[in-house]
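Subject: The four-chain model, handed over

Hi,

Here is the structure I promised to pass on. Have a look at it first, then read my notes underneath.

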Number of protein chains: 4
Amino acid sequence: MQLADFKTIASDYKVIFFDAFGVLKNSEGILPGIEKTFNWLRENGKEFYVLTNDASRGPRELAESYYRQGFYAITPERIISSGMLAREYLDLKVHDGTVAYLGTEKSAHYLETSGLKTLPISQVDLKEIDDINALVLLDDEGFDWNTDLTKTVNLLRRRNIPVIVANTDATYPVSKNRIAIAIGAVAKMIEGIVGKQFIRFGKPDAQLFMFAYERLENVSHVSKRDILMVGDTLKTDILGGNKFGLDTVLVLTGNTQPQDVEVQIRSTGIIPTYVCKSVVIK
Amino acid sequence: MQLADFKTIASDYKVIFFDAFGVLKNSEGILPGIEKTFNWLRENGKEFYVLTNDASRGPRELAESYYRQGFYAITPERIISSGMLAREYLDLKVHDGTVAYLGTEKSAHYLETSGLKTLPISQVDLKEIDDINALVLLDDEGFDWNTDLTKTVNLLRRRNIPVIVANTDATYPVSKNRIAIAIGAVAKMIEGIVGKQFIRFGKPDAQLFMFAYERLENVSHVSKRDILMVGDTLKTDILGGNKFGLDTVLVLTGNTQPQDVEVQIRSTGIIPTYVCKSVVIK
Amino acid sequence: MQLADFKTIASDYKVIFFDAFGVLKNSEGILPGIEKTFNWLRENGKEFYVLTNDASRGPRELAESYYRQGFYAITPERIISSGMLAREYLDLKVHDGTVAYLGTEKSAHYLETSGLKTLPISQVDLKEIDDINALVLLDDEGFDWNTDLTKTVNLLRRRNIPVIVANTDATYPVSKNRIAIAIGAVAKMIEGIVGKQFIRFGKPDAQLFMFAYERLENVSHVSKRDILMVGDTLKTDILGGNKFGLDTVLVLTGNTQPQDVEVQIRSTGIIPTYVCKSVVIK
Amino acid sequence: MQLADFKTIASDYKVIFFDAFGVLKNSEGILPGIEKTFNWLRENGKEFYVLTNDASRGPRELAESYYRQGFYAITPERIISSGMLAREYLDLKVHDGTVAYLGTEKSAHYLETSGLKTLPISQVDLKEIDDINALVLLDDEGFDWNTDLTKTVNLLRRRNIPVIVANTDATYPVSKNRIAIAIGAVAKMIEGIVGKQFIRFGKPDAQLFMFAYERLENVSHVSKRDILMVGDTLKTDILGGNKFGLDTVLVLTGNTQPQDVEVQIRSTGIIPTYVCKSVVIK
């Protein structure tokens, strides 16, 4: 496996799309030296966006998590999250009533739009559900798995409403050696039980890329050939980037271990344009 | 849909295999009048067995739950449970060390066999797992879903051990209108996350039928043609019975509603030999 | 199930997206009276596009099939097909070499872009495949199923190349009572055998909707609220339209039978905004 | 990966179950030297059976294919094939009418039992199908894939009949470097299209093991602890053997390459008791 140099590659593109977790940060915080990469991007007039399967907070709160670590390059308008797609869906498709959710209050707060009330599943009374017009799966925290998952199943047996999955990831890392079950895996279990088709937002689905691409069109004249997608996961970042027509870089600072790269590319058939050790430049 | 009379049909067979939940009992207890059916079976020299996807207790405790309701026909040796298959597997295939489990203490108690220690996932220390040689998923109760499911995933990332699913059901009814998520659905979620192949016991798998069939062979001379399988669920009882070569009866006292029978048979392609309203006889 | 009147509904939108098969035409040709609908659209200043999971021909040939039946409203630039997405993918992501394909010569002809040769699987020599840089599944005709499917599997075992599925449908109707297996079902079989991740274009995927939406943006100022998606299939047209944020109409002139509508909406959880008998207006 | 010596291991068991393809023979014929293994078995009083997912011929014809290569140890009564399970199913569950099939005449010939006519799909007239009471998928040869697969789908849309898959394998090797699509993969495609539940016979399913085990019980007094299952494929031979409670040997003369063993065992979680290079003994 030939490793390429990130700066050399990035030089050939006008815009870079970054995945967040495993690329810019990991379970210990932002990658040391990452600010050099963003200085270089700014000095060389490169646009960038962060595309993240994260619906636990709004773009403002996501940006603040970088600020708190002394990293100021990633501002809210640079962040495109699957939560934003969930919100757009509710805006366009759910006109009244209550939106039930699994997740933290913070994640639901971001969803609230004019006219829609949100209600955590824990507070749903199964005898009074006529007003509930959608269910959103936002985050694996903020509810009691022992009771609220079964309650969700019973809600969906009685109300035929759209179910939105705002984060399709099955797991996320919580330390160097441990992972946690994410809401995407829970969503798949519940979907299997109730036998209905949920609506999923997040990579590899094209809609997240489109959201970023549309924003770009307002700023400058770029084509898909000018955009480079950078991610640590073949099945989301690279598959999604490839399918959208972008060149792609797989980095080895997250989900994909250096010793597994070749086997994984061969066994999945998901082929990044380049493989780089990291986006951090010397 | 032509409904048949259970007694008339059962007259033609020497042995009846009954599913338990939805056939002999429901969320409110044993079906009223069920003792008449078992009196008739006894008077007419019919053998019977109860085949159940239940690993929450051993056969003795399962039988006691009938005794407590004043129903004495179902003795422990008449009960074949998926938990018994899980125990046989451990007996034959796991020779030493500790068996970790998700479930109640009662369910694990039944599993304990000479030489094997059992340990609930809640008490597993992820830093000391070299001794854990198998994992068994027994019951949806007895653990904290918020923490123990993620712990299970992390155990399976570090130890490549057999995982036994002792109850394949995805849900079970808790009242007339509510269901709960069963350990079978949880097992499927975890299997998807870790990407490994779990070992499942329970209908429709042939092994549960075989277990009952072998027991029969010791008692009397019967062939598969002499056995009638009775169940309330197409995808477990009827599919499994059909595949094993038995004639099958679908009853309408459990999972399958009278108004849905025809659509479900047509859409699944799982065709019972007969459909009866109930096993209760007048 | 309350049926709505198509004209009344369409009046409230600026743009209509139509599925083709089952909406505008069926196995016997275009629906009688359909020209009245398109006259009404023109007189009332409604824009429209036809979104079709058809990669068997280019937009020009697709339009000609309407002309031949004396129907001139649907011009090539009104047609958005999954084959166009496949071509864009090849343009952007495959820079040289040969593209192998399953399909007719006509379907491949449309794919040919500067610098790319196309080669039917039947003519591939498995000993000389170093030059093959992509495989496209276009159509269920134009090859010998007895030999070319196995040949495709062997090609993919030796070359780790992107595989593009340009039509995701599993079947299509060939007469009132018969269907045929479409290339989408074949693609799923081969994907399962080789264990790799294929790249699929077509409804319900967002990319086809996006292609039409982008074209619209050049013409007039419309938002997603102004667009109505009309289709005969819940799992492709309606699911895709809903997810993209559009209001949707299910019509009963194709895949979905009047007597099944309610059951299917309930069992899939895919809920159209409206249900109409047909797009043909009186 | 520590390789064990087959003779040393086999010494500890009374009965050996062998998979056929990849263990006793490969695409070039029976493994050179295999007769030494069977001489040793005979001299040491070991029983053996051959368990094969092959429904293309009856046990007699399967045995003859060994005889023709000068190898006489494997007699018809030593062979347990998935085709035998299919025949038992038809015997027990289909009492009259015609059985339609996909496969060669030879494979169907074996299926014919008193009272049942067999009819290749190619000769089915879709207008006269009231008499067809089952469909069996036997072999990938003997029919025209271009026409008969679609015909099969149309038959199953009109007749709600049991569908038996007598060989679950997805592929089989035809030379050192090439494989062919087997009827198991075709079955999965058709099952997906018609949305019904087919009945599958063959490893890893317990029923094939049970068939061999029952035959054993008539011969000698053995328990599951006395039986060793030998196969070249984790997902069929080893998974099935493990689940049935047998000790298992993975050999490296077929589907599993020496360099992939460790990765495959780790990634699938299917763990053979032993790994041996081959069953051929020195």
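Below are my notes on how the chains meet and how one chain divides into domains.

First, the ground rules. This is a predicted model, in which local features need pLDDT of at least 70 and side-chain atom pairs count only at pLDDT 80 or more, while totals for chains, interfaces and linings use all residues. Residues are numbered from 1 along each chain as its sequence is written, chains are lettered from A and ligands numbered from 1 in the order in which they are written, and side-chain values use heavy atoms, with hydrogens and water left out.

**Chains B and D**

Start with this pair. Turn chain B by 180°, with 0.0 Å of shift along the axis, and it lands on chain D with an RMSD of 0.0 Å (a least-squares fit on the C-alpha atoms of residues with pLDDT of at least 70 in both copies). The two copies are therefore related as by a two-fold rotation axis. Want to find that axis on your screen? In chain B, the C-alpha nearest to it belongs to B:Ala206, 3.1 Å away. Both copies use the same surface, as 100% of the contact residues of chain B recur in chain D.

How many residues of each chain take part in the contact between chain B and chain D? There are 39 from chain B and 39 from chain D, where contact means heavy atoms within 4.5 Å. Together the two chains bury about 3,200 Å², with 51% of it on carbon and sulfur atoms. Buried area here is the accessible area (1.4 Å probe) that two parts lose on being put together, summed over both.

Between chain B and chain D there are 4 salt bridges, each a side-chain nitrogen of Lys or Arg within 4 Å of a carboxyl oxygen of Asp or Glu. A salt bridge you can look up is the one between the side chains of B:Lys224 and D:Glu88, at 3.5 Å from N to O. This interface also has 18 residue pairs in polar contact, both residues at pLDDT 80 or more. A polar contact is a pair of N or O atoms within 3.5 Å; within protein, one must be able to donate a hydrogen and the other to accept it, and residues adjacent in sequence count only if both atoms are side-chain atoms.

Which parts of chain B touch chain D with two or more residues? Among them are helix H4 (82-93), helix H9 (234-244) and strand S14 (247-251). Helix H8 of chain B gives the largest share, 6 residues. (Helices, H or I with at least four residues, and strands, E with at least two, are DSSP runs numbered from the N terminus.) By class, this side of chain B has 15 nonpolar, 11 polar and 13 charged residues. In that count, Ala, Val, Leu, Ile, Met, Phe, Trp, Tyr, Cys and Pro are nonpolar, Asp, Glu, Lys and Arg are charged, and the others, Gly among them, are polar.

**Chains C and D**

A turn of 180° with a shift of 0.0 Å along the axis also lays chain C on chain D, at an RMSD of 0.0 Å. Again the same surface serves both copies, with 100% of the contact residues of chain C recurring in chain D. Here 22 residues of chain C meet 22 residues of chain D, and about 2,000 Å² is buried, 61% of it from carbon and sulfur atoms.

Salt bridges between chain C and chain D number 0, but 10 residue pairs are in polar contact, both at pLDDT 80 or more. On the chain C side, helix H6 (145-158), strand S11 (179-181) and helix H7 (183-194) each supply at least two residues. The largest share, 8 residues, comes from H6 of chain C. That side divides into 13 nonpolar, 5 polar and 4 charged residues.

**Pairs that do not touch**

No contact joins chain B and chain C, whose closest C-alpha atoms are 10 Å apart. Chain A and chain D do not touch either, with their nearest C-alpha atoms 10 Å apart.

**Inside chain A**

Chain A is assigned domain 1 (6-53 + 203-276) and domain 2 (83-200), with bounds from an automatic or database domain assignment. Their C-alpha centres lie 28 Å apart.

Cheers
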